[in-house]
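The exercises below are meant to be worked through with the sequence and the coordinates side by side. Each task is followed by a solution that proceeds step by step.

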Amino acid sequence: MVVLAAIDDTDGAATVLDEAGRLAADIGEDLHAVHIIERSELVDVLEKEVEGQSFSENYEVQKVGENIVARAADPSRPEPSVSVRVGDPGGEIMACAEELGARYVVLGGRQRSPTGKALFGSVAQKVLINSLVPVLSVSVD
């Protein structure tokens with residue numbers, strides 16, 4: 001089992017990774033970080049045609065996640081394993097948690113108005129409502 005830290009490319013990633021690292025250490029589990037790239041961002045990452053390639057095993061795609069974790073990680077803690085997935089962030093976080101047998105999912109949440117949630121959706125809200133494993137939401141505002 002693992003503690004899964006769902007991180008994005010913001011300053012809040014360090015907070016999420018730190019909290020997930022503490023939780024993993026407290027319960028004696030490994031830490032795994034996942035970063036989700038939406039399909040609309042994929043072209044910018046790859047800058048080439050990728051027909052037929054597995055996105056999750058593509059070198060450029062993996063480097064995106066590894067670089068984000070490297071910037072966010074606390075050097076005094078063990079380095080987490082890292083994966084990058086392509087698709088809908090909420091769905092991919094939950095799928096990754098299920099595949100890894102995650103004990104907990106840790107993700108960042110931002111303050112939003114009810115109108116903002118209705119218009120733009122919320123990855124954190126989707127995961128909190130639909131996850132089959134416990135979710136720790138960390139305030140990153």
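Helices (H or I, at least four residues) and strands (E, at least two) are taken as DSSP runs and numbered from the N terminus. The model is a predicted one, in which local features need pLDDT of at least 70 and side-chain atom pairs count only at pLDDT 80 or more, while totals for chains, interfaces and linings use all residues. Residues are numbered from 1 along each chain as its sequence is written, and side-chain values use heavy atoms, with hydrogens and water left out.

**Exercise 1. The order of elements and the sheet**

Task: Work out how many helices and strands the protein chain has, and in what order the strands stand in the sheet.

Solution. Begin by counting: the protein chain holds 6 helices and 5 strands, and read from the N terminus they follow the pattern β-α-β-α-α-β-α-β-α-α-β. Next, look at pairing, where two strands pair if DSSP finds at least two bridges between them. The 5 strands make an open sheet with the order β3-β2-β1-β4-β5, and the pairing is parallel. Because β3 (81–86) and β5 (135–139) each have a single partner strand, they stand at the edges, and one side of each is left without a neighbour in the sheet. From one strand to the next the twist averages 25°, where axes are lines fitted to C-alpha atoms, for helices over the stretch in contact, and angles run from 0 to 180 degrees between N-to-C directions.

Then examine the bridges of β1. This strand is joined to β2 by 6 bridges, with Ile7 standing opposite His35 in β2. Strand β1 is also joined to β4 (residues 104–109) by 4 bridges, and there the bridge partner of Ala6 is Leu107.

**Exercise 2. The two sides of helix α3**

Task: Decide which residues of α3 are buried and which are exposed, taking buried as under 20% relative accessible area, exposed as over 50% and partly exposed as in between (1.4 Å probe, protein chains only).

Solution. Start with the length of the helix. The expected span is 1.5 Å times one less than the number of residues, so the 14 residues of α3 (residues 59–72) should span 20 Å, and the end C-alpha atoms are indeed 20 Å apart. Now list the buried positions, which are Val61, Gln62, Gly65, Ile68, Val69 and Ala72. They cover an arc of only 125° around the axis (the arc being that of the directions from the helix axis to the C-beta atoms), which puts them on the same side of α3. On the other side of α3, Tyr59, Ala70 and Arg71 are exposed.

**Exercise 3. The largest nonpolar core**

Task: Find which elements give two or more residues to the largest nonpolar core, and what Leu17 is in contact with.

Solution. A nonpolar core is a set of buried Ala, Val, Leu, Ile, Met, Phe, Trp, Tyr and Cys residues joined through side-chain atoms within 4.5 Å. Of the 17 residues in the largest one, Val3, Ala5, Ile7, Leu17, Leu31 and Val106 touch the most other members. The elements that give two or more residues are β1 (2–7), α1 (12–27), β2 (30–37) and α3, and the largest share, 6 residues, comes from α1.

Turn then to Leu17, with contact meaning heavy atoms within 4.5 Å. Setting aside neighbours within four places in sequence, Leu17 is in contact with Ala5, Leu31, Ala33, Val69, Ala72, Ala73 and Pro80. A second, separate core of 14 residues includes Val2, Val34, Ile36 and Ala97.

To close the loop on Pro80, note that this residue is found between α3 and β3 and, at 8% relative accessibility, counts as buried.

**Exercise 4. Helix α4 and Ile93**

Task: Establish what the buried residues of α4 pack against, and whether Ile93 is buried or exposed.

Solution. First, the buried residues of α4 (residues 89–100) are Pro89, Gly90, Glu92, Ile93, Met94, Cys96 and Ala97, and they pack against β1, β2, β3, β4 and α6. Second, Ile93 has 4% relative accessibility and therefore counts as buried. Third, apart from neighbours within four places in sequence, Ile93 is in contact with Leu4, Ala6, Ile36, Val105, Val123 and Val127. Finally, just after α4, Gly101 takes a positive phi of about 65°.
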